[in-house]
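Visitor: Could you take me through one part of this chain up close, and then show me how that part sits in the whole?

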Amino acid sequence: MGAPRMVMMRPVQRHIPRVLTQDQLHKVLGAACTKHERALVELLYGTGCRTGELRAMRIENVDFANRRIRVTGKTGTRM
């Protein structure tokens, strides 16, 4: 039994992701109370990783020599 031939699929709605302006980013970074909070915000914004991926991150995943981080999450593993 194949797919119905008379059923039309709805077009997939694509959207352009919104990003913060430089001024908004400076406000967010300025709101960080500690260096730890600022590092977390910078890492989230700079890499685009999800909060769950950040929570699961370990020091073994950081390649300091090549300035890369292995991120493991919902979409698999990426650098």
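Guide: Let's start with one loop and then step back to the whole chain. A quick word on the ground rules: this is a predicted model, where local features need pLDDT of at least 70, side-chain atom pairs count only at pLDDT 80 or more, and totals for chains, interfaces and linings use all residues. Residues are numbered from 1 along each chain as its sequence is written, and side-chain values use heavy atoms, with hydrogens and water left out.

The part to zoom in on is the loop between α3 (51-56) and β1 (62-63), where you'll find I59. Helices here are DSSP runs of H or I with at least four residues, strands are runs of E with at least two, and both are numbered from the N terminus. I59 has 56% relative accessibility, so it counts as exposed; the cut-offs are under 20% relative accessible area for buried, over 50% for exposed and partly exposed in between, using a 1.4 Å probe and protein chains only. Between the C-alpha atoms of I59 and R70 there are 9.9 Å, with the two residues eleven apart along the chain.

N61 sits in that loop between α3 and β1 too, but N61 counts as buried because its relative accessibility is 15%. Leaving aside residues up to four places away in sequence, N61 touches R68, I69, R70 and T72, a contact being heavy atoms within 4.5 Å.

Now zoom out. The chain has three helices and four strands, running α-α-α-β-β-β-β from the N terminus. Its radius of gyration is 19 Å, well over the 12 Å that the globule rule gives for 79 residues, so the chain is more spread out than a compact globule. That radius is taken over C-alpha atoms, and the rule is 2.2 Å times the number of residues to the power 0.38. Along the principal axes, the C-alpha atoms fill a box of roughly 60 × 35 × 20 Å.

Of the 79 residues, 11% are buried. Among contacts with a separation of 6 or more, 19% come from residues 24 or more positions apart.

What about the cysteines? C49 is buried at 8% relative accessibility, whereas C33 is exposed, with a relative accessible area of 68%. The structure holds zero disulfides, a disulfide being a pair of cysteine sulfur atoms within 2.5 Å.
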